[in-house]
Amino acid sequence: LLVHEYGLNPAELSPELVLQYCYDDVLATEKLYLEQMAWLQDVWQKCKIGQYIRNQYWAPVKLMNDLLPILIDCERNGFNVDKEKLEDIYTEQLAKRKTLVDDLVAYIKDKHGVEDINVNSPLQVAKFIYSLELKKDKKEIWKKYFQRANLFSPEGINTFHVMLGECFASTGYGLGIAPLPDCIGEASLSVGVDPLKLLIRANENHKEIELLKKFYEISRLDTLIGTFIEAILGHTAQGKKKVKA
């Protein structure tokens with residue numbers, strides 16, 4: 001509350017306050033986890049839909065729980081990195097990304113008549129995937145409705161579709177894939193890794209599903225390169241070395 005209401009940087013808060021917040025956060029998270037697991041166990045035993053949820057989602061949840069001790073150990077003690085090997089991996093992944101981008105841009109130009117789409121621009125990619133563009137005079141409506149919409153309420157999904165019509169206009173080109181509630185970004189429709197993964201699952205019979213998968217693969221590589229490689233090697237902007245002050 002102090003950070004949001006008074007515009008403070010977390011670094012300006014007292015260590016005691018931050019420690020208390022972290023302590024309360026851990027306890028609240030544990031309580032939430034235990035209550036959710038108790039509820040799931042009850043649902044799984046009582047109904048068929050509960051059994052379906054267990055069969056579909058329990059495996060990845062268990063995998064994450066099995067992975068957590070390893071991540072905790074890495075956080076506490078660090079881990080060794082072979083930087084020469086990582087440089088080789090970096091070069092390979094950059095080359096893989098470039099090939100994907102070149103193929104995707106050439107295909108879109110040939111099959112869809114879209115010249116020089118910039119795959120590094122989320123707005124351009126979103127415009128092509130959803131075949132929608134944000135109306136310039138609808139940003140306040142976006143802020144008022146989308147960022148505050150309760151998509152878990154009975155009216156939430158209907159409101160979502162109404163606001164799509166209010167905020168967007170058709171481009172007349174692209175893949176024409178309907179956005180999902182999970183595709184809502186801060187100021188437009190998102191084309192990040194998670195939304196694209198959901199779109200692939202929901203549109204597996206789409207005639208351009210392989211093109212959608214290429215967009216996903218590029219986004220996945222951007223996350224891999226930017227988050228897990230460049231930070232360790234001291235690179236930024238995919239290949240440029242950081243300059244020390």
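Trainee: By the distance rule for salt bridges, what does the count come to?
Mentor: The model is predicted: local features need pLDDT of at least 70 and side-chain atom pairs count only at pLDDT 80 or more, while totals for chains, interfaces and linings use all residues. Numbering starts from 1 along each chain as its sequence is written, and side-chain values use heavy atoms, with hydrogens and water left out. A salt bridge is a side-chain nitrogen of Lys or Arg within 4 Å of a carboxyl oxygen of Asp or Glu. Under this rule, the number of salt bridges is seven.

Trainee: Which helices hold Glu217 and Lys96, the partners of one salt bridge?
Mentor: Helices (H or I, at least four residues) and strands (E, at least two) are DSSP runs numbered from the N terminus. Glu217 and Lys96 form a salt bridge whose closest N and O atoms are 3.5 Å apart. The two residues are 121 apart in sequence, so the pair ties together separate parts of the chain. Glu217 lies in residues 209-233 and Lys96 in residues 83-112, that is, in H9 and H4 respectively.

Trainee: Is Glu217 buried or exposed?
Mentor: Buried means under 20% relative accessible area, exposed over 50% and partly exposed in between (1.4 Å probe, protein chains only). Its partner Lys96, at 39%, is partly exposed. Glu217 has a relative accessible area of 18% and is therefore buried.

Trainee: What is the N to O distance between Glu210 and Lys213?
Mentor: Both residues lie in helix H9, three residues apart, which is about one turn of the helix. Glu210 is exposed at 51% relative accessibility, whereas Lys213 is partly exposed at 36%. Their side chains meet in a salt bridge with an N to O distance of 3.6 Å.

Trainee: At what N to O distance do Lys127 and Glu133 meet?
Mentor: Lys127 is partly exposed, with 28% relative accessibility. Glu133 also counts as partly exposed, at 33%. The side chains of Lys127 and Glu133 join in a salt bridge at 3.2 Å.

Trainee: Against which elements do the buried residues of H5 pack?
Mentor: Helix H5 spans residues 122-130, and its buried residues are Val125, Ala126, Phe128, Ile129 and Tyr130. Just after H5, Ser131 takes a positive phi of about 55°. The buried residues of H5 pack against H4, strand E1 (132-134), helix H8 (193-202) and H9.

Trainee: What arc around the axis of H7 do its buried residues cover?
Mentor: Helix H7 (residues 156-167) reaches 16 Å from its first C-alpha to its last, close to the 16 Å expected for 12 residues, where the expected span is 1.5 Å times one less than the number of residues. Gly156, Phe160, Met163, Leu164 and Cys167 are buried in H7. They lie on the same side of H7, because the arc they cover is only 110°.

Trainee: What percentage of the 245 residues of the chain count as buried?
Mentor: The secondary structure comes to nine helices and four strands. From the N terminus, the elements run α-α-α-α-α-β-α-α-β-α-α-β-β. Of the 245 residues, the buried ones make up 26%.

Trainee: What share of the contacts with a separation of 6 or more joins residues 24 or more positions apart?
Mentor: A contact means heavy atoms within 4.5 Å. Among contacts in the chain with a separation of 6 or more, the share from residues 24 or more positions apart is 61%.

Key. The arc is that of the directions from the helix axis to the C-beta atoms.
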